[in-house]
Amino acid sequence: MPHRDSFSLRRWSHEHWVLASLFASLAILVGTIVPGFASAMRGADAAANRSILPLALPPLQLADARANAASRAWQVVTVQSGQTLGALFEQMGVPATVMHQVLELPSARQALSRLRAGAELAFDLGEAGELRGLRFDRDEAARVEIVAANGDFKEKVIERPLERRVMIASGEIDSSLYAAGEKAGLGPAIINQMANAFSYDIDFTQDLRVGDSFQVVYEEVWRDGERLRSGEVVAASFTNRGKEFTALRYERNGKSEYFDLAGRPLKKGFMRMPIEFARISSRFNPRRKHPVLGTVRAHKGVDYAAVTGTPIMAAGDGRIAFAGWQNGYGRTIVIDHGRGYTTLYGHMSRLGKYKVGQRVQQGSTIGYVGATGLASGPHLHYEFRVNGAHRDPLTVTMPKPDPLTGAELARFRATTAPAMAQLKRVEDVRLAAR
Ligand SMILES: [Zn+2]
């Protein structure tokens, strides 16, 4: 099928050829396809899932054959939570002086000084308990092997190249996004990424309808022929109540973001709700009777009732303009987002780690729900101001992010074209199969 070459994404593995031919035959078979298509997709992914390996150090075939003499027995130890490297070496009966010798090696110092609970180290101890060798994974793509030689230690870094394989899936909603994603063979990480990418346009808790559908092109990370984990969503489209949204991953200034077909970031300047797990308890209202004071007073924001301690997020990127106590509002944060936009968050039980003048990113936790100031119960009081005037955060027209232009737009179109084609093809097969 050489004509399919034009569709190849980065590395087009054997699996994909199989998958591609699968699609080809499915396309021919139309009519009888719907269940066949779904199970074929599931089957392909299930096969991949089967080979997930935990971070355990597999028997190392990469090691020098002589070093692997039968007399050697590697002991694998797992770093426990709160355990220091010193304690771990002590547990293995290796003196601190030897540990410090090992730590003089650059790779060892770098990796062993920031070991996490669950990481594994393999010790090769001699008859007298002396350290003959040590192995560990520096990261996903490199294993370090330290060998004793003439009273000193030498290190060897074994590169274990990662391979990113491109996968495709599609599905239709019959109950929830998660159920449909799972049915299509997607893991929770990929479903989450897809939901996040579209979260500015689709409210998955309220807008989802039976019959909504999606297509997704995503990566899986493989090493030495084993599937390690799922990678990133490369492209996705979601049809919600007849309207199609597309997300294309594109790297700008070293950061991966999702853009629509026109090259406009999906991530908006502001989140509509700066809090999760909350319900609206009071709306924006210019003539409301104040629940505590009993007088008629404009309610210049939206109240979200939530459990005390629920995290409150910065609605957009900006700079902390105020962090402290304000009459009535209790513990309060004000963020200046530039271009005349400011947001206020009141009644917090406690403030986050940000100080006045510090920059915050959209979605960062800036404080926690409470009932400080004049509040009848724990809630977030949220205000949105444009050039000093209060606006209803639920209905105000949010500023649109700037689309890519010029050379950047051209580069975007060129780099996302293969994923776009892939997405289109999955959709065509799905539609043909209906
Ligand atoms: Zn309020």
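1. **Phe214 and Phe238.** Both Phe214 and Phe238 are buried. This is a predicted model, and the two rings form a stacked aromatic pair in it. Their centres are 6.4 Å apart, with 15° between the planes. Phe214 lies in strand E7 and Phe238 in strand E8, so the pair ties together parts that are 24 residues apart in sequence.

2. **Phe198 joins in.** Phe198 and Phe238 also form an aromatic pair, this one tilted. The distance is 6.0 Å centre to centre, and the planes meet at 55°. Phe198 belongs to helix H7 and Phe238 to strand E8, 40 residues apart, so the pair links distant parts of the chain. Why does Phe198 count as buried? Its relative accessibility is 1%, and the cut-off for buried is under 20%. Phe238 is buried too, with a relative accessible area of 0%.

3. **The aromatic cluster.** Which residues form one aromatic cluster with Phe198? They are Phe204, Phe214 and Phe238. For the structure as a whole, the count comes to 11 aromatic pairs.

4. **The largest nonpolar core.** This core has 26 residues. Those with the most contacts inside it are Leu177, Leu186, Phe198, Phe214, Val216 and Phe238. Strands E6 (162-172), E7 (213-223), E8 (226-240) and E9 (243-252) each supply at least two residues of this core. Helices H6 (177-183) and H7 (188-198) each do so as well. Which element gives the largest share? H7 does, with 6 residues. In soluble globular proteins, nonpolar side chains tend to be buried together.

5. **Val216 and a second core.** Val216 is worth inspecting on screen. Leaving out residues up to four places away in sequence, Val216 touches Met167, Ile168, Ala169, Leu186, Ile190, Met194, Val233, Ala235, Ala236 and Leu423. There is also a second, separate core of 25 residues. Among its members are Val94, Leu103, Ala119 and Leu131.

6. **The zinc site.** What coordinates the zinc ion? The donors are His299 through NE2, Asp303 through OD and His381 through ND1. The distances run from 2.0 to 2.2 Å. Along the chain the donors follow the spacing H-x3-D-x77-H. His299 sits in strand E13 (residues 296-299) and His381 in strand E21 (residues 379-386). These two histidines are 82 residues apart, and the pair links distant parts of the chain.

7. **Burial at the zinc site.** Are the two histidines buried or exposed? His299 counts as buried because its relative accessibility is 4%. His381 is buried as well, with a relative accessible area of 5%.

8. **Strand pairing around E16.** Strand E16 (residues 318-326) has two partners to check: E17 and E19. With E17 (residues 330-338), E16 runs antiparallel and shares 7 bridges. Here Gly324 has Thr332 of E17 as its bridge partner. With E19 (residues 359-360), E16 also runs antiparallel, joined by 2 bridges. On that side Arg319 is the bridge partner of Arg359 in E19.

9. **The E16-E17 hairpin.** How many residues lie between the strands of this hairpin? There are 3. In the hairpin, Gly328 takes a positive phi near 80°.

10. **Charges over rings.** Two arginines deserve a look. The charged end of Arg135 sits over the ring of Trp74, 3.7 Å from the ring centre. Arg350 lies over the face of Tyr368, at 4.1 Å from its ring centre.

11. **Pro399.** Where does Pro399 lie? Pro399 is in the loop between strand E22 (389-391) and helix H8 (406-432). Pro399 is buried, because its relative accessible area is 16% and buried means under 20%. Apart from neighbours within four places in sequence, Pro399 is in contact with Gly269, Phe270 and Tyr341. Pro399 and Gly269 are 130 residues apart along the chain, yet their C-alpha atoms are separated by 6.6 Å.

12. **The overall picture.** The secondary structure comes to 8 helices and 22 strands. The protein has 434 residues, and buried residues make up 44% of them. Take the contacts with a separation of 6 or more: residues 24 or more positions apart account for 63% of them. The zinc site gives one example of linked distant parts, through His299 and His381.

Key. Residues are numbered from 1 along each chain as its sequence is written. This is a predicted model: local features need pLDDT of at least 70, side-chain atom pairs count only at pLDDT 80 or more; totals for chains, interfaces and linings use all residues. Side-chain values use heavy atoms; hydrogens and water are left out. Two strands pair if DSSP finds at least two bridges between them. Helices (H or I, at least four residues) and strands (E, at least two) are DSSP runs, numbered from the N terminus. A nonpolar core is a set of buried Ala, Val, Leu, Ile, Met, Phe, Trp, Tyr and Cys residues joined through side-chain atoms within 4.5 Å. Buried means under 20% relative accessible area, exposed over 50%, partly exposed in between (1.4 Å probe, protein chains only). Contact means heavy atoms within 4.5 Å. Donors are N, O and S atoms within 2.8 Å of the metal (3.2 Å for Na, K and Ca); water is not among the atoms, so sites may look incomplete. Rings of Phe, Tyr and Trp (its six-membered ring) pair if their centres lie within 6.5 Å; planes under 30 degrees apart count as stacked, over 60 as edge-to-face and the rest as tilted. A charge sits over a ring if NZ of Lys or CZ of Arg is within 6 Å of the ring centre and within 35 degrees of the ring normal.
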